[in-house]
Amino acid sequence: MGDDLGEEWWTHEGNSDASAAEEDAPPPTELQEKEQKKPEKRKSVTEATAKPKKKKKIEQKECITPQKKAAEDEPSTKPKRRRKKKTITDVLSSSEPKPGCPSDLQNLLTQHFSDKLSVIEQEDLKLQDSSFLSSNDLTHTISSFLKQVCPKWSKIQKQHTEKRALVLLVVCSSALRAIELIKQMTVFKGEAKAVKLFAKHIKVTDMTMTTMMMMMMRAVFVKLATWTVSLCTQIEEQIKLLQKGVTHIGVGTPGRMSALVEKEGLSLQALKYVVLDWNWRDQKLRRMVDVPEVKLDLMKLLLGGILQRCKEDKVKIGLY
């Protein structure tokens, strides 16, 4: 039959074998069909899920970036808290009061004159331990302290006969403190005469209109908060007071004492004791050396002749 149809026999045999093999192979099962279909589904699912994620990221980026820029452009409405600087009162209120000692005064002298004097001059300011009296341990009153450091006071005051000269100087920070110390000193001084050495102030109520106008003009230029003035005649009155009779004790501020020494109204020749009101504190818990103006006047007073007499072993300094 193949010869009659004109087909070649060898080609027919190959085709017959392939068709026979296809006929002999078993039909594909349902599991195989599912396995063949699964990867196509996974690919389609992953592609479908991946595409919207990219879109979301792009959308989020587009939304977030303008918000940040807007936040940067807007000025911050929250007020910044400024840290308060600690004052002397804040520091001293948190610390326990310690009694002053000779090393405190030595450190103050070196610190103050470090940029004003040469190294050789600074060494000359150093005092020996014998130049100091025993310090107050914060338990003494002014009378008990002076009795301790001046045991022969009754004999010393009787021997003192010089005018314009004092035996004992008590240096404090203000006029009110000086008056308070003089009142507390009555037990110690006995028959000795004490003088107030500070600048007196005249109140506005005691002034005439011309003086008041002068004070108002001065307050404008000098920027004074109060209408008070210290007249030059006050120093002359204090000089006359020292020249009238013998005085033993002087209590006052370092500024007025140094001014009297400069004008030769006060002599340091008979001076033996200088007591600094070191440990007392005002309402702001400041000591005498914590107030800049008082500290400058104190340094000027000590340098004006007291330190030199301490080196000569004629004057001794005590810290009350």
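Two strands pair if DSSP finds at least two bridges between them. Strands (E, at least two residues) and helices (H or I, at least four) are DSSP runs, numbered from the N terminus. The model is predicted, and local features need pLDDT of at least 70, side-chain atom pairs count only at pLDDT 80 or more, and totals for chains, interfaces and linings use all residues. Residues are numbered from 1 along each chain as its sequence is written, and side-chain values use heavy atoms, with hydrogens and water left out.

**Exercise 1. Strand β4 and its partners**

Task: Determine which strands pair with β4, in what sense, and where the side chains of β4 point.

Solution.
1. Strand β1 (residues 168-171) pairs with β4 in the parallel sense, over 4 bridges. In this pairing L168 stands opposite Y273 of β4.
2. Strand β4 (residues 273-276) is also joined by 4 bridges to strand β5 (residues 316-319), and these two run parallel. Here Y273 faces K316 of β5, and V275 faces G318.
3. Y273 thus stands opposite L168 in one pairing and opposite K316 in the other.
4. From β4, Y273 and V275 point one way, while V274 and L276 point the other way; all are buried (under 20% relative accessible area, against over 50% for exposed and partly exposed in between, with a 1.4 Å probe and protein chains only).
5. Together with α14, strands β4 and β5 make a right-handed β-α-β unit. Right-handed signifies that, with the strands pointing away from the viewer, the path from the first strand over the helix to the second runs clockwise.

**Exercise 2. A buried arginine**

Task: Establish what surrounds R309 and which side chain of opposite charge is nearest to R309.

Solution.
1. R309 is placed in helix α14 (residues 292-311).
2. The residue is buried yet has no salt bridge (a side-chain nitrogen of Lys or Arg within 4 Å of a carboxyl oxygen of Asp or Glu). For charge, Lys and Arg count as positive and Asp and Glu as negative, while His and the chain ends are not counted.
3. The nearest side chain of opposite charge is that of E312, 4.7 Å away.
4. A polar atom of the R309 side chain lies 2.8 Å from the backbone oxygen of Q269.
5. Apart from neighbours within four places in sequence, R309 is in contact (heavy atoms within 4.5 Å) with L268, Q269, L271, K314 and V315.

**Exercise 3. The loop between β4 and α14**

Task: Describe the surroundings of N279 and the backbone of L285.

Solution.
1. N279 lies in the loop between β4 and α14. N279 counts as buried because its relative accessibility is 14%.
2. A polar atom of the N279 side chain lies 2.8 Å from the backbone nitrogen of G100.
3. Not counting residues up to four places away in sequence, N279 touches K98, P99, G100, N136, L138, L319 and Y320.
4. L285 lies in the loop between β4 and α14. Its phi is positive, about 65°, although L285 is not a glycine. Most residues other than glycine have a negative phi.
5. With a relative accessibility of 32%, L285 counts as partly exposed.
6. L138, a residue touched by N279, has a phi near 70°, a positive value in a residue other than glycine. L138 is placed in the loop between α6 (119-124) and α7 (142-149), and its relative accessible area of 41% makes it partly exposed.

**Exercise 4. Salt bridges**

Task: State how many salt bridges are counted and characterise the members of some of them.

Solution.
1. The count comes to 7 salt bridges. Side chains of opposite charge can pair when their charged atoms come close.
2. R286 and D282 meet at 3.1 Å, N to O. R286 is partly exposed at 25% relative accessible area, and D282 is partly exposed at 22%.
3. D290 and R287 meet at 3.3 Å, N to O. D290 counts as buried at 18% relative accessibility, whereas R287 is partly exposed at 23%.
4. D115 and K116 meet at 3.4 Å, N to O. D115 counts as exposed, at 63% relative accessibility.
5. R177, E180 and D277 are linked in a network of salt bridges.

Technical notes
A polar contact is a pair of N or O atoms within 3.5 Å; within protein, one must be able to donate a hydrogen and the other to accept it, and residues adjacent in sequence count only if both atoms are side-chain atoms.
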